[in-house]
Amino acid sequence: MRPDDRKYLETHEWAKVTGDIALIGLTDFAIHELCSGNEGDLVYCDLPETGRTLEVGETFGEIESVKAVADLSSPVEGEVIEVNEAIEDHLEILSSDPWEQGWMVKIKLTKKSMDHLIDAETYESMLAKQS
Amino acid sequence: MVEPTEGSRGERTWRRITTWDAPPGFNMGLDEALLESDESPPTLRLYTWNPATLSLGYFQRFADVPGTERAQVVVRRITGGGAIHHANELTFSLTTGLDDPLYRGPIAASYRRVHGAIVRALGRLGIEAGLRGETALASDREGTGMCFHASTALDLVWNERKGVGSAQRRRNGRVLHHGSIKLGTTPLEGDIATVGERATPAQVCEMADALENELAETLGLVFEAGVPTAAERVLAHELGTRFLDPAFLRRR
């Protein structure tokens, strides 16, 4: 079971909200799809500058594996106030700890409702249907 | 070489769009338009370029590809990987939803499905190709930034050299899969695997027919000849100018 302390987009980004701040990351499922368990297959991750404002569903970054480039979609609305700089030089973090150390951006929310996102149980059900 | 596994089967209808000798901005713009539009049906494009064009991978540094100094036209793709000189080749793209059985699951599995069909298509032309596997290739070389001079286990090879380049872009639940099948060498891609000496119109058509037939038979697809819709053409035109824009070309 994926962590139930956060909510998910169908495109595999997660948002963990504390007060008016959200941490955003990418699920283990998406990372595994990109690199099939071989963390060396991840080659690049492009994340936004701080200060950028994001709408729900807006592309905030891109991640490249050996064979594919995937867009990263924002699950929330708000302003990017911090970027996890460690990821650029240590992409293996995304594989080893996608839920905590592998957060990508920190966002100050301008809209706190997360009703548009799905919970862990629904996300699991979605993955089960896809496999 | 490694045998690719069988593809997933099932009768599914795809559109096939054929555009020979199309301009580079149109080629890249239409592929992105097909990726962007949820209303576009699953589509196979078979195409060639006029003029011959060097395309950079999305994340490549312009300065890391010496061939940019010799190429007549340079664009930047939205798919990743290395640079490709689109001359003497058949280019194809597959665009569909990520819920399509062809692209469901790990990316590596989707490559095995598509490459299985390409292996059989090449077989129709007398080429015995297979996945590279763990062996380095005679065509691998450093410093060119060219796709055909770098290889992975999933690449298709014959004569111990890479002969098919491929890359995917995944966005908003959809996928664009680019591929280049080399029919002859180019000045920027020496010592690679090719189907023949050069890409005559007859050879391009022969390769295109073989690829379409094997994608149909191996993957259980039915292709219907089609053209871009008016909305796709408008979007392709809007998006197409970006690919030759100096700011986009030199974004890295």
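In this predicted model, the contact between the two chains draws on 17 residues from chain A and 25 residues from chain B. Together, chain A and chain B bury about 1700 Å² between them, and 50% of that area lies on carbon and sulfur atoms. On the chain A side, A:Glu33, A:Lys67 and A:Val69 lose the most area to chain B, and these residues together account for 40% of what that side buries.

Charged side chains also meet here, since the interface of chain A and chain B holds six salt bridges. A:Glu62, for instance, forms a salt bridge with B:Arg251, with the closest N and O atoms 3.9 Å apart; this distance qualifies because the rule accepts a side-chain nitrogen of Lys or Arg within 4 Å of a carboxyl oxygen of Asp or Glu. Both A:Glu62 and B:Arg251 belong to a network of salt bridges, whose other members include A:Asp46 and A:Asp71 from chain A, and B:Glu32, B:Glu36 and B:Arg171 from chain B.

Over all chains, the count of salt bridges comes to 29. Three pairs that lie within a single chain are set out below.

| Pair | N to O distance | Separation along the chain |
|---|---|---|
| A:Lys16 and A:Asp5 | 3.5 Å | eleven residues |
| B:Arg171 and B:Glu32 | 2.9 Å | 139 residues |
| B:Glu214 and B:Arg124 | 2.9 Å | 90 residues |

In the chain A pair, A:Lys16 sits in strand 2 (residues 13–18) of chain A, while A:Asp5 belongs to the segment before strand 1 (7–8) of chain A. A:Lys16 is partly exposed at a relative accessible area of 22%, and A:Asp5 likewise counts as partly exposed, at 39%.

The pair of B:Arg171 and B:Glu32 links strand 9 (residues 161–171) of chain B, which holds B:Arg171, to helix 1 (residues 24–36) of chain B, which holds B:Glu32. Here B:Arg171 is buried, with a relative accessible area of 10%, and B:Glu32 is buried as well, with a value of 3%.

The pair of B:Glu214 and B:Arg124 links two helices, with B:Glu214 in helix 3 (residues 201–219) of chain B and B:Arg124 in helix 2 (residues 107–124) of chain B. In this pair B:Glu214 counts as buried, at 8% relative accessibility, whereas B:Arg124 counts as partly exposed, at 41%.

Chain B also contains an open sheet of three strands, arranged in the order 4-3-5 with mixed pairing. Its edge strands are strand 4 (73–76) and strand 5 (84–86) of chain B, each of which pairs on one side only. Neighbouring strands of this sheet are turned by 30° against each other on average, when direction is ignored. Strand 3 (residues 53–56) of chain B runs parallel to strand 4 of chain B, and four bridges join the two; in one such pairing, B:Leu54 has B:Val74 in strand 4 of chain B as its bridge partner.

Turning to the cysteines, the count of disulfides over all chains comes to zero. The sulfur of A:Cys35 has its closest cysteine sulfur in A:Cys45, but the two are 12 Å apart and therefore too far for a bond. A:Cys35 counts as buried, at 2% relative accessibility, whereas B:Cys205 counts as partly exposed, at 33%.

Methods
Residues numbered from 1 in each chain as written. Chains lettered and ligands numbered in written order. Predicted model: local features only at pLDDT ≥ 70, side-chain atom pairs only at ≥ 80, totals over all residues. Heavy atoms only, no water. Pairing = 2+ DSSP bridges. Axes fitted to C-alpha atoms, helices over the stretch in contact; angles between N-to-C directions. Disulfide = S-S within 2.5 Å. Buried < 20%, exposed > 50% of the residue type's maximum accessible area, 1.4 Å probe, protein only. Contact = heavy atoms within 4.5 Å. Buried area = accessible area lost by both parts, 1.4 Å probe.
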